[in-house]
Number of protein chains: 2
Amino acid sequence: MKSFIEYSSDSDFPIENLPYGVFTSDKNAQKHIGVAIGEWILDLNIISHLFDGPLLKSKQNVFKEEKLNAFMALTKPHWIEARETLQKLLDVSSPALQNNAELREKAFVKQTNVQMHVPVEVGDYTDFYSSLQHATNVGIMFRGKEAALFENWKHLPVGYHGRSSSIVISGTPIHRPYGQTLPVEGAAPHFGPCKLMDFELEVGAFVGGPPTQLGERVCAKDAEDKIFGFVLLNDWSARDIQKWEYIPLGPFTAKNLGSTISPWIVTLEALRPFIVDNFPQDPTPFPYLRHDDKFNFDIKLEVDIQTEKSPVVTTVCRSNYRYMYWTVKQQLAQQTVTGCNLRPGDLLGSGTISGEAADSFGSMLELSWKGTKPVRLSTGEERKFIQDGDTVTLRGHCLNATGLRIGFGRCEGKLLPAIPFQE
Amino acid sequence: MKSFIEYSSDSDFPIENLPYGVFTSDKNAQKHIGVAIGEWILDLNIISHLFDGPLLKSKQNVFKEEKLNAFMALTKPHWIEARETLQKLLDVSSPALQNNAELREKAFVKQTNVQMHVPVEVGDYTDFYSSLQHATNVGIMFRGKEAALFENWKHLPVGYHGRSSSIVISGTPIHRPYGQTLPVEGAAPHFGPCKLMDFELEVGAFVGGPPTQLGERVCAKDAEDKIFGFVLLNDWSARDIQKWEYIPLGPFTAKNLGSTISPWIVTLEALRPFIVDNFPQDPTPFPYLRHDDKFNFDIKLEVDIQTEKSPVVTTVCRSNYRYMYWTVKQQLAQQTVTGCNLRPGDLLGSGTISGEAADSFGSMLELSWKGTKPVRLSTGEERKFIQDGDTVTLRGHCLNATGLRIGFGRCEGKLLPAIPFQE
């Protein structure tokens, strides 16, 4: 497959990718849906009339919306038709768009000339805890090696409800939060700026398809049609605040201070060539969590830190989505097992993804082993946790032997100093 | 104050109340905003042109919406002007509506002739745990008297993020969920229908006012303008599922199976005559949680159970919102302390509200003391937890010495049998 839009072989956005996003530009303040191709965006609002396949011909209005929810609320055959239509329109052999200079002029925008936005109205955001190595690392640090994994962990994908309002798009700065902590066990709690700010390297999956009904279970084997696509997700975490507040109802204000997503939703279809074996599961999960097909993905994940002192970037983590113990189908089945209804646009976070290697851990908590092993940056500086002025960037891409590369772009956020508390 | 609409002295909805809801009728499938008065609803969509005060004259469109969010996104002065406009229109001395037969005919609908709907697009739902007696009861049952309250409980309003999609309106049946449980400690988990279904007697507060920005704290002393009004909330809970899944990230599928709210949002202004002393707090909370004014409310709360065998209803719980240790201002301050942004329509659940008396406990878990003391119903039946076919109804009202009664209506839900799991 070759597009008439030119891009280099290491582009995140070849014609085989075509991820969806929402953007505005200096020229147009109205939010438009677009797909990324090379360094360009194809504006779907402008070319909605070209979706003339049997399924989408009567649904072209979904591409005129300011969010992706209406498109996501259609079905997998609709999404596949959209992908095929776009690949055909962008193909080097296809004249419709290529040879229409006026339409091309209107329909293509440079990515550098736009502002990206959260592309979806996120009804509910759920965060899981599905990397075995991450759960083990955290367990060892706080409870010792013997009791590292809780008893339920290998029986169900442990998860919790997160905050939708504070999901922000890559590039949004995050303020160091104030909150309560317990600096000394048994002493009085303290109120002040968080001292242990952290990132969490995650991949988020967006739910698609028509809403399900309250009471309806979606078992793992039937979950595929509900999975629209994926983004990178930095689940910023205030570790010291979390430790004090989370008993017994889980993380709350330590997490709702902001969760950053990458702007482009990479579809399941684009990732299909990178499906790999599932993580071996022992014990065998209950039937509602079982699926026979492979649904794990070889997505190389990296985290960069850039400090305020230098333009030099250090890659502090090299992980991979394939380290997930529970698949996103299983997460979705767990989400709905008691009858919780899904809405298109719901977001499921993978949980921090850590591999076995010490440089594959997906958080500073693990990389610095609770602050005991400072991480050395290329600038010569050291980090135990994230400091004010640090920019944290998650990156992700797939690459196979044929040279096919599907990328996620960047999920970036700068930590700003705390806003002083005034009584 | 007297309305030309007649109602009995024990009506939940006198002219001093005027709670907001959203309804459809057989005659009109479009959702309209209305206020309850006696046994009637005044349809605000029909009379939106009568909001001609200085603030609302240019905002009449908010009453034409299908949800209350746009109205709630205005400010407290707008809400007060709306209340004053409505009280004037409904006053016995006011001819505008009373003497316009044609408009009256269109603008008033009997409550028995409508279907009520969730009146708000709930962006985020947070559930707290703010009744001292409830937290103590649960603590004693699971950890013993000495360790009943966790160390953080009196320092901050403990809470967690809930599920928005499964918030349903009174009258919606709930299916007994399937899920994983651990019937025997140390043995294998079990998958099957929940055996310990419970209600939780709560009051929910809806956030109003313009959205806040990410990074913005709303301290307790500044929180009043963010509180639009209140509903009854039954936070259905699958106790056995909760116990197995909640470590370490909190309740998840045990709670997202459905949360029922009463249809009428009773405004803060309507509840103002029932403000009572705050619960004494020791230790004094941190400054961000402090407010000097009284912001506790004398709302009598009751829970009824009706089984399938008989029309006889048993009131199993008589509690009061005034038993709250943390005020809703403090809950809202906690929600935002790390910079989490609010959106109008966010819902804050109080947490189960239990008093000191054994019949004031707000859940079957407490009323039956973990199933050890069955609750005797008026029908002669016994209940440890909720059985299939039981209808659980929360009711709430305020009543003062002058005879002023402000009611919440009913928050009702019937538990249906589990939908069998098919592999």
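This is a short dialogue on how to read a predicted model of one protein chain.

Student: What should be known about the model and its numbering?

Tutor: The model is predicted, so local features need pLDDT of at least 70 and side-chain atom pairs count only at pLDDT 80 or more, while totals for chains, interfaces and linings use all residues. Residues are numbered from 1 along each chain as its sequence is written, chains are lettered from A and ligands numbered from 1 in the order in which they are written, and side-chain values use heavy atoms, leaving out hydrogens and water.

Student: How many helices and strands are in chain A?

Tutor: Helices (H or I, at least four residues) and strands (E, at least two) are DSSP runs, numbered from the N terminus. Chain A has nine helices and 26 strands.

Student: How is the radius of gyration of chain A read?

Tutor: The radius is taken over C-alpha atoms and set against the globule rule, 2.2 Å times the number of residues to the power 0.38. For the 423 residues of chain A the rule gives 22 Å and the radius is 22 Å, so chain A is as compact as a globular protein of that length. Along the principal axes, its C-alpha atoms fill a box of roughly 70 × 50 × 45 Å.

Student: What percentage of the residues in chain A is buried?

Tutor: Buried means under 20% relative accessible area, exposed over 50%, and partly exposed in between (1.4 Å probe, protein chains only). In chain A, 64% of the 423 residues are buried.

Student: Where are the domains of chain A?

Tutor: Domain bounds come from an automatic or database domain assignment. Here the assignment gives domain 1 (20–116) and domain 2 (125–416). Between the two, the contact (heavy atoms within 4.5 Å) takes 19 residues from domain 1 and 20 residues from domain 2. The domain centres, taken over C-alpha atoms, are separated by 30 Å.

Student: Which residues does A:K110 touch?

Tutor: Leaving aside residues up to four places away in sequence, A:K110 touches A:E39 and A:W40. A:K110 lies in strand β4 (residues 108–110) and is partly exposed, with a relative accessible area of 27%. Its C-alpha atom is 9.0 Å from that of A:L42, 68 residues apart along the chain.

Student: Is A:T372 buried or exposed?

Tutor: A:T372 is exposed, at a relative accessible area of 56%. A:T372 sits in the loop between α9 (364–367) and β23 (375–376). From A:T372 to A:K384 the C-alpha distance is 7.6 Å, with their positions 12 residues apart in sequence counted as separation.
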